[in-house]
Structure formats: C-alpha cells, structure tokens
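Here's a walk through one fold, from its sheet to its core and on to a couple of odd backbone angles. Have the sequence and the model open as you read.

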Amino acid sequence: MEFIITLIIAILSGVATKVVDSFFEKQKMDEMEKKLEELKNGFTLPVQVPSKDKRNSVLLVGLGGSGKTSFISSLLANGQANPDERTEKFEIYHGMRRSNKENKNVSSECTSYWFYIADYKGQKIGQLISSFLVQQKRPYSPFAYTYINSLVFLVDLLPPPKNQNDKDLTPQNKLDIERVKLHSKEWNDTALDAVFGLLTSELKYVVLFINKVDLMANRTEKADESYKQVFDELSERIRKRCGKAQFDVILGSAKNGTSMNIVETKMMAYSVSNNDISR
Ligand SMILES: Nc1nc2c(ncn2[C@@H]2O[C@H](COP(=O)(O)OP(=O)(O)OP(=O)(O)O)[C@@H](O)[C@H]2O)c(=O)[nH]1
Ligand SMILES: [Mg+2]
C-alpha cells in the first residue's frame with residue numbers, strides 16, 4: 001500500500017513538474033515572441049508618441065551659416081541647439097508643443113505635438129545622406145525611411161559673420177545677391193533630387209524659409225516682396241518636386257523670431273498620429 005501511494009505521488013509530481021515546465025516554457029516563448037515583434041516594429045516604425053499625440057519629423061537643410069541651428073533653437077526653445085558653435089555632426093533635437101486653444105486648459109486629454117528636427121553641418125550633403133542611412137539602422141528612429149513629414153530649406157539674405165567670434169552683422173540696406181546665387185547653386189537640380197529622393201508621399205509640408213530679415217534696414221511691404229522674389233527661381237524648382245505636399249515661402253528671422261509662429265502653426269497642422277501610419 002505504502003508502495004502504491006509513493007508511486008502515485010511520484011507520478012503526480014512528475015506530471016506537475018512537466019505542467020510547470022511547459023507553463024514556464026510557454027511564458028519564455030511568449031516573451032521571446034514579444035521581443036521579436038518589438039524588434040521588427042522598431043526597424044519598421046518611427047518613434048512612437050502617446051496615442052492622443054502627434055509627431056512631425058522635420059528634415060532641415062541649408063548652407064553653412066544660414067541659421068539652421070538658430071532655427072531649431074527658436075522653434076523648439078531648445079538651449080542645447082547652440083548657434084554659437086558651428087554644427088559638426090548630425091544631431092536630432094526634439095521638443096513638444098500644445099496648441100494655444102488647448103494650452104489654457106491643460107488636461108490629460110490635450111494633444112501634444114512632438115517635433116523632431118535633424119541638424120547637420122551645412123555644405124555637406126553627402127554627410128546628410130550618410131547620416132540618414134545610419135538612422136535607418138536605429139530602432140524607432142524619428143527619421144525612419146517613409147516617415148519624414150516636413151522639409152525645410154533654409155536660405156538667408158546675408159552671409160554669416162566670417163569667423164565664429166566676429167560680432168553679429170548690423171542691419172544693411174541691401175541683401176547680398178552673391179549669397180542668394182550661392183543658395184541657388186547649392187540647391188541645383190541634382191542636389192534637390194538627392195534630398196527629395198530621401199522622402200516619400202508621407203511628406204506633408206515643405207517650406208523655403210528666407211532667414212535674417214531682421215538684418216534688412218528698410219522693411220516695407222514692397223521691399224519684403226523683393227526679398228522673396230530673388231528666390232523665385234529656386235522656389236519654382238522646389239515647388240515642382242513637392243507633389244501633394246503643401247509648399248510655403250516664408251520670410252523671417254530665426255534670431256528674433258519673426259514668422260517663427262507661422263512655422264510652428266504649420267508644423268502642428270501637418271503633424272501625424274501613430275494611427276495615421278497606414279503600413
Ligand atoms: N541677425 C541674424 N543672425 C542670424 C539669424 N539666424 C542665424 N544668425 C546668425 O548666423 C550665424 C550662423 O547661424 P547658425 O544657426 O549657427 O547657422 P547654421 O546653419 O547652423 O550653421 P552651420 O552649423 O555652420 O551649418 C550665427 O552667428 C547666428 O547668430 C537671424 O535670423 N538673424
Ligand atoms: Mg548649425
């Protein structure tokens with residue numbers, strides 16, 4: 001009798017061990033599957049924002065010294081984007097906004113807008129492209145291929161001070177036409193094709209931001225119009241490549257904030273939520 005009881009206990013405990021083992025094995029498999037799924041998503045989806053929020057991944061390009069870092073610092077109110085130092089590598093900054101309407105009543109239901117902006121050293125389009133490729137190997141990159149929503153071309157009316165420690169320029173009566181020509185040359189058809197080649201139909205908004213208008217001494221409506229007109233030829237070449245994306249030409253100043261509110265409003269309007277991702 002004792003023997004039979006021992007036998008039954010042994011069988012039952014063997015069964016129990018198997019049940020427990022297979023339970024843990026299943027848990028392990030589930031965990032592994034979850035990790036694999038996360039990994040797969042990480043390499044196919046961009047950075048994720050809370051489901052009630054929206055995101056805008058912005059590619060910002062422009063000649064060295066045209067004001068890219070200043071633009072980021074102004075738009076994101078991000079002190080880390082420091083225009084006093086020339087940008088040496090590809091940096092991604094981010095900041096968050098709430099629409100004014102919702103600002104007054106900040107509650108957990110508010111939509112927040114997450115802006116991700118890439119800064120890089122101007123005049124090195126090759127570096128822009130190789131940095132973009134590196135981003136494709138980063139899980140949940142805000143610059144994952146097919147997920148860039150906005151493109152900013154930054155041009156300026158006057159060149160930056162020659163040396164980094166030189167004093168800021170004082171207002172001038174005329175724009176520098178040689179600088180305007182340099183922007184047009186930089187953004188020749190081949191370079192534009194290369195930049196637009198990084199983008200897809202996910203591109204919602206393109207802007208040509210004409211910077212440093214604060215340095216123009218005589219600002220009248222007519223003068224402002226002429227500052228835009230000198231970039232007409234470049235605008236047309238950009239417009240042709242925009243497809244269904246909205247295209248704006250904006251005259252402003254990253255330094256004193258002129259027209260930066262327009263950029264901010266547009267960036268919010270063209271933000272997308274995780275659910276807008278159709279793939
Ligand atoms: N007055 C004026 N100066 C500006 C404006 N935007 C930029 N600057 C100045 O122009 C210089 C270059 O600005 P950055 O923002 O560093 O330009 P960048 O395009 O980031 O330059 P790189 O990093 O070298 O490619 C700095 O001295 C800025 O203070 C502007 O709107 N108005
Ligand atoms: Mg810079």
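Start with the sheet: six strands make an open one in the order E2-E3-E1-E4-E5-E6, with mixed pairing. Strand E2 (91-98) and strand E6 (246-251) sit at the edges with a single partner strand each, so one side of each has no neighbour in the sheet. From one strand to the next, the twist averages 20 degrees. As for terms, two strands pair if DSSP finds at least two bridges between them, while helices (H or I, at least four residues) and strands (E, at least two) are DSSP runs, numbered from the N terminus.

A word on the source: this is a predicted model, where local features need pLDDT of at least 70 and side-chain atom pairs count only at pLDDT 80 or more, while totals for chains, interfaces and linings use all residues. Residues are numbered from 1 along each chain as its sequence is written, and chains are lettered from A and ligands numbered from 1 in the order in which they are written.

Strands E4 (residues 150-156) and E5 (residues 205-211) run parallel, joined by seven bridges. Leu151, for instance, has Val206 in E5 as its bridge partner. Helix H7 (residues 221-229) packs on the sheet and touches E5 and E6, its direction making about 125 degrees with that of E6. Contact here takes C-beta atoms, placed from the backbone, within 7 Å; axes are lines fitted to C-alpha atoms (for helices, over the stretch in contact), with angles from 0 to 180 degrees between N-to-C directions.

Now for the inside. The largest nonpolar core (buried Ala, Val, Leu, Ile, Met, Phe, Trp, Tyr and Cys residues joined through C-beta atoms within 7 Å) has 50 residues, and Phe209 is among those with the most contacts inside it. E5 gives the most to this core, six residues. Leaving aside neighbours within four places in sequence, Phe209 is in contact with Phe71, Val152, Leu154, Ile250, Gly252 and Val263.

Which loop residues have a positive phi without being glycine? Thr146 and Lys212 do. Burial goes by other C-beta atoms (placed from the backbone) within 10 Å of a residue's own: 20 or more is buried, 12 or fewer exposed, in between partly exposed.

| Residue | Phi | Loop | C-beta neighbours inside 10 Å | Class |
|---|---|---|---|---|
| Thr146 | near 80 degrees | between helix H4 (125-135) and E4 | 14 | partly exposed |
| Lys212 | near 75 degrees | between E5 and H7 | 30 | buried |

Terms used. Two residues are in contact if their C-beta atoms, placed from the backbone, lie within 7 Å.
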